[in-house]
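Work through the exercises below with the coordinates open. Try each task before reading its solution.

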Amino acid sequence: MRYLFALILSLWPFVSGAQDWEDRQLFQAGNTAQTLRILSSTDTSFFAPIIEQFLSDTPAWSVEYLVTTTSDIDRKFRENPDQFDIIISSAMDLQLKLVNDGFALELSGIDHPEWAQWRQRLFAFTTEPAAIVINSRAFKDKTIPQTRQELIHALRQQPDLFRGKLGTYDVRQSGVGYLFATQDARVSETYWRLMEVMGSLNARLYCCSGEMIDDVASGKLLVAYNVLGSYAAARRQKDPRFEIILPSDFPTTMMRTGFVSKATQHVDASERFIQKMIDIQSTDGSTGSSRLPPLDKSLQGTNPSVISLEPALMTYLDGLKRRTFIKEWMSAVVQ
Amino acid sequence: MTDTVNVSGSLRNRLTLTLIGGAAMLAALLFFVVRGYAAQIAQQGQDSILEASVMSILDAAILRNGDVEVDFPYASLSMLSTAADDRVFYSIYQDYSLLSGYGDLPHNTGQLGDRMAHKTTQFDDVTVRMATASRMLVGADTRTTISVSVAQTQDALQVTLARISRNVALFGTVFFLLSVLLSFWATATTIRPLQRLTTSVTKRGPKDLSPVASPVPVEMAALVSSLNRLMGRLDTSLKQSEDFIAEAAHRVRTPLATVRSHAEATLQRVDRDENRQALRAMIRAIDESSRAAGQLLDHAMITFRADHLERSEVDLVDLLHELVLRLTPVADMRDINLIITGDRQVIVAGDSILLQNGIRNLIDNALKYSPAESDITIHVTALPTPQIEIRDQGPGFPESDMDKLVSRFSRGDNVKGIIGSGLGLTIAQDVAQAHGGTLTLSNPNGGGACVTFSL
């Protein structure tokens, strides 16, 4: 009985680990000897082209791609930094803190603009705005709101229509949701008013952009706030049931970032992968080889709406700050 | 006198090397002082930013319902952004227990005052600079102390220091090179009065023994005054020699002339043959002595003047005509013709008194050894070199010891009966040599003697 217990205990991490992943795929599972483990928050379908191009250049390798939420990435990686080679996440603040805490390997061979990298360890490779996604049918006869202020106005005019049909990130669960929320709150008080309105209309809370887009498309939701614009744009190509709005008052734009674990066994391959990823994403997306939006080099890091890679990103990760922010957010949204 | 001087070292080199060495030391000193100072200032800059960060976090701390809230602004960490992307660590403590931030950041639990504390320490195997300060919060029934530390790595500081070091090194090098140029210039300026003095002494005329009058630096005053005194003494002794020569000429010649006139008068009065004979011998001896004394004085004068040659433009033809005019009475007594041929004008740069003396001695010689009723030909030419050729119809020079004749007090074997001191040719040769010329003796085919005086 004791042995059986011990066996279950020792197997538990594998079983539970397998269950924890949103997605887990092995690319080019052949007779290759070595495997790069990539821990990522990006949906497999968006990231697969980059992996495939990397593999076509270096066929001796295979890639294991593990997808989970941004906050889960932070937790899992801090527990086992030697289990993963490359960490990809849209939560810039969590990524920067990991690098600040010394988890990342310096890749001196990579030439990347100053504003798009931090400490030659953390490399940005996309520029993605946070978007408002609205159901097309619901706004058929109305003017489509272009700013947060206009959205508040529209919600207040027809509270009954929107009640229970609004969605946004649950900032307690989602790292990138928390990043968007804190950056919005930094810029304008409008964010808090919008949250209060949404809270009063029983807004639904989501872990991930994909689900929000699904629900807006199906009509379960009429408005979703702070959805990853890149996912919405990709869906919009095939699905005309929703519209994407980039708020014109202040568009919050984040950069997806990646770094190599300091504990990696595969330094060269990891650096080649990051280099390949940056190369693909720096070619303005005109090749169409990637499904992710490219790194918009025209911004040159000067656009204040782009969240910049700096130590200040760690501000809202502070325990006290986070506690205060979540408390405030809860009192607004979860009334 | 010898021209070689015992030389040891060089003032110019010593001065230049001293100045350059000093400049090198100063440049090195400048480098270390400025770099040290810059490092201090750069460190102060980082400290003050860390300080501001700590203060902004401390200021955000409030007590709400007994709980501490530290809602610090985004700027608290944003202000720590550097070009080198330095890592940032912080910790917030409430009464020695960690409230938030990095728990393993070294925490100075002993010192809790309002004073800001800075220190350099190790964290996560890197060197960080840390600032710490604390503040007391007073609530309704509690009081608690909040202590905040903010630490930052020093990558940007190292980059700044490297840049400053590079710039200061460049600055120091330029300073050094300028100093080198300056030391060459300073050395040249310092040495110049010495060179000026050397030039002015070297360029002096042969008889210029006046003191150095141009101003000299105070360090050279002693040298120059010694030099002036030396030249003064030399001048005095030279003047004394000249005076002595003039005095001697006067003292010897005048009494001889008196004796000669008395002897001639006596010769007129005595009738006895043996007495007349004796008196004639006496007069001849007096003539010989007078001539010898004159020639000795001439020679002494020439020796003296030859050292201090006073060159001026002299026309040899004029000079010859003047001499011939003076000697014609003597020549007429023996029916000798003095004939001058050659160029109409031969200008040379020379001492006219010496030239006159030397040439007169040659013509004198020719007159003495010429038979009565003969010709003396004086041929003067300007090219290829100025030269005077004097030819008589006398017995000629003895072939055996012709080269000995020009030495002092030497006379030919074939001229025993003629008055002579043996100084005439010596004087002529001294004069020729003083002017850089030569005296050549020969017996031409047509008989007689020929002396060529060329300059």
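**Exercise 1: the open sheet of chain B**

Task: find the bridge partner of B:Ser91 in β4(B), then place the strands in their sheet.

Solution. The model is predicted.
- Step 1. B:Ser91 has B:Gly101 as its bridge partner in β4(B).
- Step 2. β3 of chain B covers residues 88-94, and its antiparallel pairing with β4(B) runs over 4 bridges.
- Step 3. Extend to the whole sheet. It is open, has 5 strands and reads β4-β3-β7-β6-β5 in chain B, with antiparallel pairing.
- Step 4. Check the edges. β4 (97-101) and β5 (117-123) of chain B each pair on one side only.
- Step 5. Add the twist. Ignoring direction, neighbouring strands of this sheet are turned by 30 degrees against each other on average.

**Exercise 2: the helix on the sheet**

Task: state which strands helix α1 of chain B touches, and its angle to β6(B).

Solution.
- Step 1. Helix α1 spans residues 11-59 of chain B and packs on the sheet.
- Step 2. Its contacts are with β3, β5, β6 (126-138) and β7 (143-153) of chain B.
- Step 3. The helix direction makes about 35 degrees with that of β6(B).

**Exercise 3: the nonpolar cores**

Task: which residues touch the most other members of the largest nonpolar core?

Solution.
- Step 1. That core has 116 residues.
- Step 2. A:Ile86, A:Met92, A:Val133, A:Met198, A:Val223, A:Val227 and B:Val148 touch the most other members.
- Step 3. Take A:Met198. Beyond four places in sequence, its contacts are A:Leu166, A:Thr168, A:Ala203, A:Tyr225 and A:Val333.
- Step 4. A second, separate core holds 35 residues, among them B:Ile302 and B:Leu320.

Notes:
Residues are numbered from 1 along each chain as its sequence is written. Chains are lettered from A and ligands numbered from 1 in the order in which they are written. This is a predicted model: local features need pLDDT of at least 70, side-chain atom pairs count only at pLDDT 80 or more; totals for chains, interfaces and linings use all residues. Two strands pair if DSSP finds at least two bridges between them. Helices (H or I, at least four residues) and strands (E, at least two) are DSSP runs, numbered from the N terminus. Axes are lines fitted to C-alpha atoms, for helices over the stretch in contact, and angles run from 0 to 180 degrees between N-to-C directions. Two residues are in contact if their C-beta atoms, placed from the backbone, lie within 7 Å. A nonpolar core is a set of buried Ala, Val, Leu, Ile, Met, Phe, Trp, Tyr and Cys residues joined through C-beta atoms within 7 Å. A residue is buried if 20 or more other C-beta atoms lie within 10 Å of its own, exposed if 12 or fewer, and partly exposed in between; C-beta atoms are placed from the backbone.
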